[in-house]
Amino acid sequence: MTFGLVFEQLLNGVQFGVMLFLMAAGLTLVFGIMNMVNLAHGSLYMVGAYLAVAATAWTGNFVLGAALGLAGALLVGMAVEVVALRTLYERDHLDQVLATFGLILFFNELVAIVWGRAALYTSLPAWLQGHVELFTGSRYPIYRGLVIVVGLLVAVALWYVVTRTRIGMLIRAGASNRTMVAALGVNIRFLYTVVFGFGAVLAGLAGLMAGPIYAVQPGMGELILIQVFVVIVIGGIGSIRGALVGALVVGIVDTLGRAFLKPLLGTVISPTAAEAAGPALASMLIYLLMAVVLAVRPEGLFPSRGR
Amino acid sequence: MPSRARVLFWSAVVLLLVLLPPVVAALKQPFYLDLVRRVMIFAIAAVSLNLILGYGGMVSFGHAAYLGIGGYVVGILALYGMHSGWLQWPLAIGASALAALAIGAVSIRTSGIYFIMITLAFTQMLYYLGVSLEVFGGDDGMRIKTRSQFSGLVDLADPVAFYYLVLVLMLGSLYLVDRLANSRFGMVLRAAKSNEARSRAIGLSPYLYRLAAFVIAGALCGLAGALLANHTAYITPDFMHWTRSGEIMFMVILGGVASSAGPLLGAVVLLVVETLLAGWTEHWQVILGPLLILSVIFFRRGLAGALPGARNG
């Protein structure tokens, strides 16, 4: 186990964490402002991935395909908000969970009808296929590096929009007292649609970036969604800062656990036992982490104020 | 206090279910026996969830975990040659209760949306545990070659005998949860649901009551898991898949929360609609999804609210 290998896995962890953050940010914004649990957030991730794959195949250009995928995710997200979710803001979380569960079934099956159940694999354009040399003996794929850079840029942009702009001010005001914001003459329904669309774009971005790394298939959204729940529970719901910290922690713990838990266990117990226990324990690691965090801080690491 | 309408309704339900096997045998349609048995097994799971979700206000999105644990206990014991149901079923119930104790102890410290996400996440953890256990078939699961043996008392390989056993257990579960909900224990549970601050103010400590209810619900659902494993003669991690949890939860909501007949009605309607749609098109979920959304938006009190003698709230 060389330092280069550990460093590379650490970067993979950050890359996974960044994608979890893009998902968690949208989910936590929607929850913080509309008090809405949206299980179908994973479907928007999936829709983004599929639309980008289809648009890339259609235009023959990766960047153009990605842009069309984002636009598609925005449109689908806003349509879902207007058609189905808008009536559910005043309902309790139970109804929201069930209705968005219905949305998941619908989208997974719709995607299977259009593109089939088999996983789609996409190829990267030539300029994204190479590796960069970080230091002697350690190379890292350019594409994964790009994912990290894009994710961190989005995090900074998100921080800027929420804390330094007028729309961010409205978002924060809506989170703390929506009745008052509406009374001050702000079109709160439109604001909701904008925020939801914004979350959909972030989910779509995560999805289309995930396409070339993981398989694009029906149900891919729920795989990541449940890990995003872990992120949000650890970070504290409604808090973007918590989402960033939680996402990076979960991404790194999960990736390092999958890479190194088995060999590490092998040094303590017999290799055959480690062969069986390693993968099982690695896949449970983030949930155990969540349980520990909750036992210490039931509201998560960064509980949002005023709620 | 059983009203006349209630007595009439339940007598009709029991009569119908008791008379089904001879009717099905006369019509030579064994498929329906299978379907109704499956419905009743899921009704046990749904009624156990109703105890914590309906009466306790704990929205558990991970109830399929106990279905899986109960099923895996039966499957694993059968794999190692222990076929006695007297051993398998109590162990299935006990293991589910223990898992519920561990999950509940952490989850019940939180509430609202956290509770939903945490129960979901723990169940997902167990799902991945099932997937990664290659000894027990991993992703594909394993076949249960011999069903649970009850010293020749009940033969589960006989569809009709198994049907009546499930019927008795389901009626027992419905009765148990109804009695629990109307006992002093259930009163505390419901009081804590409707106003936690007030129930604390009169000197109750909801945590332990909630945890006890959570464990009872887990144990009962473990029994449903043992039944389901015997029903399908197969066990896979899919028993614990999160869509399974969603389905059980939907049965409770569709039937009507905190009502005694609700979970049964919900299980009947959801599974029958699923079966009908699946017989019609491979892509039945694309229809079921919007149906779920519509029923949430327009059907707020559930099916039991439409029954004769239903009370408000």
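Student: Two residues are in contact if their C-beta atoms, placed from the backbone, lie within 7 Å. With that settled, which elements of chain A do the buried residues of H5(A) pack against?

Tutor: This is a predicted model, to start with. In it, the buried residues of H5(A) pack against helix H1 (3–34), strand E2 (138–141), helix H8 (188–210) and helix H10 (240–268) of chain A.

Student: And which residues of H5(A) are the buried ones?

Tutor: They are Arg144(A), Val147(A), Gly151(A), Ala155(A) and Leu158(A).

Student: How far does H5(A) reach, end to end?

Tutor: H5(A) covers residues 142–164, 23 in number, and spans 32 Å from its first C-alpha to its last. That is close to the 33 Å expected at 1.5 Å a residue.

Student: Let's switch to the interface. How many residues of chain A are in contact with chain B?

Tutor: On the chain A side there are 38, and they meet 37 residues of chain B. Helix H4 (93–115), helix H9 (220–235) and helix H11 (271–296) of chain A each supply at least two residues of that chain A side. H4(A) gives the largest share, 16 residues.

Student: What's the chemical make-up of that chain A side, by class?

Tutor: There are 30 nonpolar residues, with five polar and three charged ones.

Student: Now H9(A). At what angle does H9(A) cross H5(B)?

Tutor: Roughly 130°, with the axes of H9(A) and H5(B), residues 112–132 of chain B, coming within 9 Å. Because of that angle, H9(A) is oblique to H5(B). The crossing of H9(A) past H5(B) is left-handed.

Student: Which side chains should I look for there?

Tutor: From H9(A), look for Ile226(A), Phe229(A), Val230(A), Ile232(A) and Val233(A). They meet Tyr114(B), Met117(B), Ile118(B), Leu120(B), Ala121(B) and Gln124(B) in H5(B). By class, this contact of H9(A) with H5(B) has ten nonpolar residues, one polar and no charged ones.

Student: Nice. Last topic, backbone oddities: what is the phi of Lys28(B)?

Tutor: Positive, about 55°, although Lys28(B) is not a glycine. Most residues other than glycine have a negative phi. Lys28(B) sits in the loop between helix H1 (4–27) and helix H2 (30–55) of chain B.

Student: Is Lys28(B) buried or exposed?

Tutor: Exposed, because Lys28(B) has 7 C-beta neighbours inside 10 Å, and 12 or fewer counts as exposed.

Student: And where is Ala233(B)?

Tutor: Ala233(B) is in the loop between helix H9 (206–232) and strand E2 (234–235) of chain B. Ala233(B) has a positive phi of about 55° too, although not a glycine. With 15 C-beta neighbours inside 10 Å, Ala233(B) counts as partly exposed.

Note on methods: Residues are numbered from 1 along each chain as its sequence is written. Chains are lettered from A and ligands numbered from 1 in the order in which they are written. This is a predicted model: local features need pLDDT of at least 70, side-chain atom pairs count only at pLDDT 80 or more; totals for chains, interfaces and linings use all residues. Helices (H or I, at least four residues) and strands (E, at least two) are DSSP runs, numbered from the N terminus. Ala, Val, Leu, Ile, Met, Phe, Trp, Tyr, Cys and Pro count as nonpolar, Asp, Glu, Lys and Arg as charged, and the others, Gly among them, as polar. Axes are lines fitted to C-alpha atoms, for helices over the stretch in contact, and angles run from 0 to 180 degrees between N-to-C directions. Angles under 35 degrees count as roughly parallel, over 145 as roughly antiparallel, 65 to 115 as roughly perpendicular and the rest as oblique. A crossing is left-handed if the near helix is turned anticlockwise from the far one by less than a right angle, and right-handed if clockwise. The expected span of a helix is 1.5 Å times one less than its number of residues. A residue is buried if 20 or more other C-beta atoms lie within 10 Å of its own, exposed if 12 or fewer, and partly exposed in between; C-beta atoms are placed from the backbone.
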